Amino acid sequence: MKTATLADRVLAGDPRAIARAITLIEDEAPEGAELVRRVFPQTGRAYLIGVTGPPGAGKSTLVDRLTAAIRASGRTVGVVAVDPTSPFTGGAILGDRVRMQAHAGDTGVFIRSMATRGHLGGLARATSEVALVFDAAGKDIVLIETVGVGQDEVDIVRTADVSIVMIVPGSGDEVQALKAGIMEIADIFVVNKADREGADRAVASIETLLSLQTFAPGEWRPPIVKTEATTGKGVAELLQEIERFRGQSSSSVTPTGRSAGSQGTRRRARAEWRLREMLAERFVRYVERQVLGPGEFELALDRIAAREVDPYSAVDEIFARAVGHAEPREPSSVLDHVGIAVSDVGQALAFYRDALGLDVAAPEEVASQRVRAHFIPAGEAALELLEATTDDSPIAKYIARRGPGLHHITLRVDDIRAALARLKSKGVRLIDEAPRDGAHGSLVAFVHPSSAHGVLVELKEAGGRR
Ligand SMILES: Nc1nc2c(ncn2[C@@H]2O[C@H](COP(=O)(O)OP(=O)(O)OP(=O)(O)O)[C@@H](O)[C@H]2O)c(=O)[nH]1
Ligand SMILES: [Mg+2]
C-alpha cells in the first residue's frame with residue numbers, strides 16, 4: 001500500500017517521492033524493486049544521454065550547461081551523476097547541493113549523485129533504475145554522468161540512447177580513452193576545456209582514429225564538438241548534434257553495428273543487460289541462501305584459494321546441486337565425415353552403393369587437391385570416397401605408401417580458431433596453425449597424425465556464419 005502510494009507520487013512527478021524512491025534503489029531495499037515493478041509500464045519515454053570522461057574533465061560543468069539549455073527549450077531534466085568521490089569526504093552530497101542551487105526553485109530539474117560504494121557490480125543497475133524513476137516521473141531527458149573508468153561505468157554510458165565521450169586537451173587522455181575501450185562507445189566526442197592549449201591537437205588525434213575506420217553510407221560518424229563548459233561555448237552545437245543523432249537513430253530500423261544502432265536496439269541492449277544481471281543476482285542469492293549450508297560458500301573459497309579444487313569444478317558441483325542435475329554439455333565437436341582413399345572407385349562404389357545400399361552423391365572434383373570426392377551420407381555424418389585424379393595427388397601418394405583405406409576423419413567444431421588455440425596449448429602438433437578455406441565457405445585445418453594416434457584429423461567450421 002505504501003509502495004503503491006509512493007509509485008503514484010513518483011508518477012505524478014513529486015520531487016520528495018522521487019528522492020525517496022532513489023534512496024530505496026540506492027539502498028537496494030526490497031521496496032525499491034517493488035517500486036520499479038510498479039512504475040515500469042509507465043516508462044520508456046525519456047531520452048537517456050550518457051556523458052563519460054576522465055576525472056575532472058568538466059563533465060558536471062557540461063551536464064549543468066546542458067541541463068540549462070534543455071530547460072530553456074521547455075523540457076524537463078533528471079540528472080544522475082555516478083560520483084567517484086570518496087564516500088568519506090561527502091563530496092557527492094556537497095556537489096549536489098552546489099549544483100541544485102543553480103537550478104533552485106526549478107521543479108523541472110532533479111539532480112542526484114550516487115556514490116560508487118556499496119554497489120558490488122550493481123552500480124549499472126542502480127543507475128539505470130534511477131533513470132527509470134526519472135522517466136516515470138515524466139522527465140523528458142535523463143543525463144547520466146560517469147567517470148570513464150571501469151566496466152560498470154562504461155556499460156552505463158554504452159546503453160544510454162546517446163553516448164558522449166569527453167576528452168580534455170594536453171593530458172594524453174585521448175590515448176587513455178582508447179585504452180579503456182571508450183572510443184568505441186562514443187556517438188559524439190566532446191573536447192572540453194577548448195580554451196586550453198592543445199584543443200585542436202586533441203580534435204586532430206580523434207580525427208586520426210576515426211579515419212582508420214570505414215563508415216558505410218548513411219552510417220553515423222561520431223562528430224567532434226569543442227566545448228568550454230565553464231562559459232557554455234559549444235554547448236548549443238553539442239545539443240544540436242545530440243538532436244541529430246536522436247533523429248537518425250530513431251528512424252533507422254536496421255542495426256548496422258557501431259553506434260548506428262537504432263534507439264530500439266539500444267533499449268533492447270539495456271533490457272538485456274538488466275535482465276541478465278538481475279537473473280544472475282537472483283540465482284546467486286538463491287544458491288547462497290537455499291542451496292548451500294551455512295559457511296559452505298566460504299569453505300569453497302578457501303578450498304579454491306588452497307588449490308584443493310578449481311573454480312570450474314566448484315561451480316559444476318554447486319550448479320548440479322541447485323538445479324538437480326549437471327549442466328548438459330554441448331558437444332564441442334561432431335563427426336562430419338570419414339575420408340577413405342580408394343584406388344579403384346568402381347569397386348568401392350560396388351561395395352558402398354550396391355552391396356551396402358547407401359546413396360552416393362554426384363562426385364565433386366577438388367582441383368587443388370587433385371582428387372575426386374564421392375559423398376555418401378550415412379546418418380548424421382558421411383563417408384567421403386577419395387579418388388586421385390593425377391599421379392602426384394596427395395591421395396595417390398598416400399595409397400602408394402599405405403594402401404587404400406582410412407585417410408582422415410573430419411570433426412565439425414563451432415569455432416575453429418578457438419579449437420586450434422586449445423589444441424596448441426595442449427601441445428598437439430598441428431599441420432595448419434591457422435584455418436584455411438574449405439569447400440562451401442567452410443574453414444578447415446589439419447592436426448598431424450603423430451598427435452592423433454595415427455589418424456589424420458581435419459577440423460572444420462561450417463561456412464555461412466561469418
Ligand atoms: N578552463 C576550463 N575549465 C573547465 C572547463 N570545464 C570545466 N572546467 C573546470 O574543471 C574542473 C572540473 O570540472 P567538473 O565539471 O567538476 O569535472 P568532472 O569531470 O565532473 O569531474 P569529476 O566528476 O570529479 O570526475 C572545475 O574546476 C571546472 O571549473 C572548461 O571548459 N575550461
Ligand atoms: Mg563530476
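Visitor: In which helix is the place of leucine 301?

Guide: This is a predicted model: local features need pLDDT of at least 70, side-chain atom pairs count only at pLDDT 80 or more, and totals for chains, interfaces and linings use all residues; side-chain values use heavy atoms, with hydrogens and water left out. Residues are numbered from 1 along each chain as its sequence is written, while chains are lettered from A and ligands numbered from 1 in the order in which they are written. Helices (H or I, at least four residues) and strands (E, at least two) are DSSP runs, numbered from the N terminus. Leucine 301 falls within residues 296-305, and that helix is α12.

Visitor: Does leucine 301 count as buried, exposed or partly exposed?

Guide: Buried means under 20% relative accessible area, exposed over 50%, and partly exposed in between (1.4 Å probe, protein chains only). Leucine 301 has 45% relative accessibility, so it counts as partly exposed.

Visitor: What distance separates the C-alpha atoms of leucine 301 and proline 311?

Guide: These two residues are 10 residues apart along the chain. In space, the gap between their C-alpha atoms is 8.7 Å.

Visitor: Which element gives the most to the shell around ligand 1?

Guide: A residue is near a molecule if one of its heavy atoms lies within 4 Å of it. There are 15 residues around ligand 1, and Gly58, Lys59, Ser60, Thr61 and Asp195 come nearest. With 3 residues, the top contributor is α4.

Visitor: How far is the polar side-chain atom of threonine 61 from an oxygen atom of ligand 1?

Guide: A polar contact is a pair of N or O atoms within 3.5 Å; within protein, one must be able to donate a hydrogen and the other to accept it, and residues adjacent in sequence count only if both atoms are side-chain atoms. Glycine 56 offers a polar backbone atom 3.0 Å from an oxygen of ligand 1. Lysine 193 has a side-chain N or O atom 3.0 Å from an oxygen of ligand 1. For threonine 61, the distance is 2.5 Å.

Visitor: Which residues are the protein donors of the magnesium ion?

Guide: Donors are N, O and S atoms within 2.8 Å of the metal (3.2 Å for Na, K and Ca); water is not among the atoms, so sites may look incomplete. Here the donors lie 2.0 to 2.2 Å from the ion, ligand 2; they are Ser60 (OG) and Glu145 (OE).

Visitor: How many residues apart in sequence are the parts that serine 60 and glutamate 145 tie together?

Guide: Serine 60 is partly exposed at 27%, whereas glutamate 145 is buried at 8%. Serine 60 lies in helix α4 and glutamate 145 in strand β4, so the pair ties together parts whose separation in sequence is 85 residues.

Visitor: What is the angle between the planes of phenylalanine 110 and phenylalanine 134?

Guide: Rings of Phe, Tyr and Trp (its six-membered ring) pair if their centres lie within 6.5 Å; planes under 30 degrees apart count as stacked, over 60 as edge-to-face and the rest as tilted. The count comes to 4 aromatic pairs. Phenylalanine 110 and phenylalanine 134 form a tilted one, 5.7 Å centre to centre, with a plane angle of 55°.

Visitor: Which strand holds phenylalanine 110?

Guide: Phenylalanine 110 is buried, at 11%. Phenylalanine 134 is also buried, at 0%. Phenylalanine 134 lies in helix α6 (residues 123-136), and phenylalanine 110, 24 residues apart in sequence, lies in strand β3.
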